[in-house]
Amino acid sequence: MCKALNLMDPIFADQMNRKNWPTMCKGVAAAIKGMDLDILQRAVDTPDACLSWVVPLGDVGKFGYMKAGQTILRDNGLTTVSAAPRFTPVE
């Protein structure tokens with residue numbers, strides 16, 4: 001994710017050091033805040049980036065694993081989450 005967000009500060013190499021977390025959080029927040037959502041999504045939509053989106057329920061099915069897993073069901077204007085992800089078509 002550091003590469004995806006262009007976070008080159010050496011402090012990120014020691015990411016498991018809890019003393020660094022406040023500084024790293026500020027760096028990640030600043031990087032994300034300055035990015036357009038579409039650009040950010042493309043940047044982190046890689047296998048080595050772990051990021052969960054917080055979006056309105058109506059937009060949830062448009063993102064990453066929720067889209068791939070087909071976990072969002074829409075019926076008669078209602079949006080719900082299915083009990084388990086579907087990674088292959090179910091007939």
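For this tour, Ala, Val, Leu, Ile, Met, Phe, Trp, Tyr, Cys and Pro count as nonpolar, Asp, Glu, Lys and Arg as charged, and the others, Gly among them, as polar. Keep that in mind for the pocket stop below. Please also note that this is a predicted model.

**The whole chain.** Start with a cartoon view. You should find three helices and two strands, running α-α-α-β-β from the N terminus on. Of the 91 residues in the protein, 22% are buried. Now switch on the surface: the accessible area comes to about 7100 Å², and carbon and sulfur atoms hold 59% of that.

**The core.** Next, select Leu5, Leu7, Ile11, Phe12, Met24, Ala31, Leu40 and Val44, the eight residues of the largest nonpolar core. Colour α1 (21-33) and α2 (37-44) as well, since each of these helices supplies at least two residues of this core. Then centre on Ala31: beyond residues up to four places away in sequence, Ala31 touches Leu5 and Leu7.

**Asn20.** Move to the segment before α1, where Asn20 sits. Is Asn20 buried or exposed? Its relative accessible area is 14%, so Asn20 counts as buried, the cut-off being under 20%. Show its surroundings and, leaving aside neighbours within four places in sequence, you will see contacts with Ile11 and Asp14.

**The second largest pocket.** Finally, select Met1, Cys2, Leu7, Phe12, Gln15, Trp21, Met24 and Val28, which line the second largest pocket. The space inside this pocket is about 160 Å³. Using the classes from the start, its lining has seven nonpolar residues, one polar and no charged.

Key:
Residues numbered from 1 in each chain as written. Predicted model: local features only at pLDDT ≥ 70, side-chain atom pairs only at ≥ 80, totals over all residues. Heavy atoms only, no water. 1 Å grid on protein atoms, 1.4 Å probe; cavity = no way out; pocket = protein on both sides within 12 Å on 5 of 7 lines; lining within 4 Å. Points joined across faces, edges and corners; volume = space filled by probe spheres on them. Core = buried A, V, L, I, M, F, W, Y, C linked by side-chain atoms within 4.5 Å. Buried < 20%, exposed > 50% of the residue type's maximum accessible area, 1.4 Å probe, protein only. Helix = DSSP H or I, 4+ residues; strand = E, 2+ residues; numbered from the N terminus. Contact = heavy atoms within 4.5 Å. Areas by Shrake-Rupley, 256 points an atom, 1.4 Å probe, with all protein chains shown as cover.
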